[in-house]
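Grab your viewer and try these short exercises. Each one comes with a worked solution, so have a go before reading on.

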Amino acid sequence: MKKIFCNLILTGLALLPAFYAGAQQLPVLNHYLYNPYLYNPARTGDAGLGSINLNFKRQWSSLPYAPITGALSLEAPVPNTDMGVGAMLYTDQTHIVNKIGGMGTYAYHIPFSKDYVHHLSLGMSVGFTHQSFDFDQATVENPNDPQLLPGTARGTAFDFSFGLNYRWKNLNVGMSMLQGLNNQMRFLSAFGEDVKYINSRHFILTGSYDFELGEKKDFFIRPVVMTRVIAGLPLQVE
């Protein structure tokens, strides 16, 4: 019988907000340790059970415009098939930049063994992103600078993500591409110049291994490594 695992996590970890085209643009959450579906669509339903996760993070709460991030995700295998389905809604507020997004996910798992401990998973997410920029809230040295973008700008775009994951017994190795369409948002400055904000592609590589402990192997230790590759930024390793 399939089990549903509900996980509620409230935490406050560091997120560095940035506002330029090559910056980290996706919500930064460390909950992929418990919920790898956050960053890889291929992990949808691959554990043989479903999960519901609610993540909330508010940091630097004593400072003005403190960043707030929230995500609600659910994923589960489709009974008696090699497929998984999932969905996610998230919001990310970082001063003048606010983003709301949602996606639906489909994954297919190719078993190489009857006990399912050896398989390859492929997954794709399709969704939307609504992004707004409240330039009136920006802190600037000269508020009369004609180069400033006035008022509030917003836009909605569709996007997709794709992922692969290989599992062999206690080893998991994955790769995913997020914001695959590399969408652009365009604005006009006071001089009529074209200003672009690009939702850059993010490539994420992950690896983990479960070291089982005890005579009955009731416990395990799981080291996890994740690497983020974003054009124009240094390599990020966790």
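Keep in mind that this is a predicted model.

**Exercise 1.** Find which residues Tyr90 touches, leaving out those up to four places away in sequence.

*Solution.* Start at Tyr90 and list its partners: Pro27, Gly70, Ala71, Lys99, Ile100, Gly101, Gly102, Met103 and Thr129. Next, look at the core: Tyr90 and Ala71 both belong to the largest nonpolar core, which has 12 residues. Other members include Leu26, Met88, Leu178 and Met226. Then look for a second, separate core; it has 7 residues, among them Val97, Phe133, Ala153 and Tyr197.

**Exercise 2.** Work out how strand S6 pairs with S5 and with S7.

*Solution.* Take S5 (residues 97-111) to begin with: it runs antiparallel to S6, and 15 bridges join the two. To check the register, find Gly104, which sits opposite Val126 in S6. The S5 and S6 hairpin has 6 residues between the strands, and there Tyr116 adopts a positive phi near 70°. Now go to S7 (residues 152-168), also antiparallel to S6, with 17 bridges. One pair to look up is Asp134 with its bridge partner Thr152 in S7.

**Exercise 3.** Is Phe128 buried, partly exposed or exposed?

*Solution.* First locate Phe128 in strand S6 (residues 118-134). Its relative accessibility is 32%, so Phe128 counts as partly exposed. Now zoom out: Phe128 is part of a nonpolar surface patch with Ile52, Leu54, Leu72, Leu74, Leu89, Ile100 and Phe158, about 750 Å² of accessible area together. Finally, see which strands contribute: S2 (50-58) and S3 (68-77) each supply at least two of the patch residues.

Methods: Residues numbered from 1 in each chain as written. Predicted model: local features only at pLDDT ≥ 70, side-chain atom pairs only at ≥ 80, totals over all residues. Heavy atoms only, no water. Patch = residues over 30% accessible without salt bridge, like charges linked within 9 Å, V, L, I, M, F, W, Y side chains within 5 Å. Areas by Shrake-Rupley, 256 points an atom, 1.4 Å probe, with all protein chains shown as cover. Salt bridge = Lys/Arg side-chain N within 4 Å of Asp/Glu carboxyl O. Helix = DSSP H or I, 4+ residues; strand = E, 2+ residues; numbered from the N terminus. Buried < 20%, exposed > 50% of the residue type's maximum accessible area, 1.4 Å probe, protein only. Core = buried A, V, L, I, M, F, W, Y, C linked by side-chain atoms within 4.5 Å. Contact = heavy atoms within 4.5 Å. Pairing = 2+ DSSP bridges.
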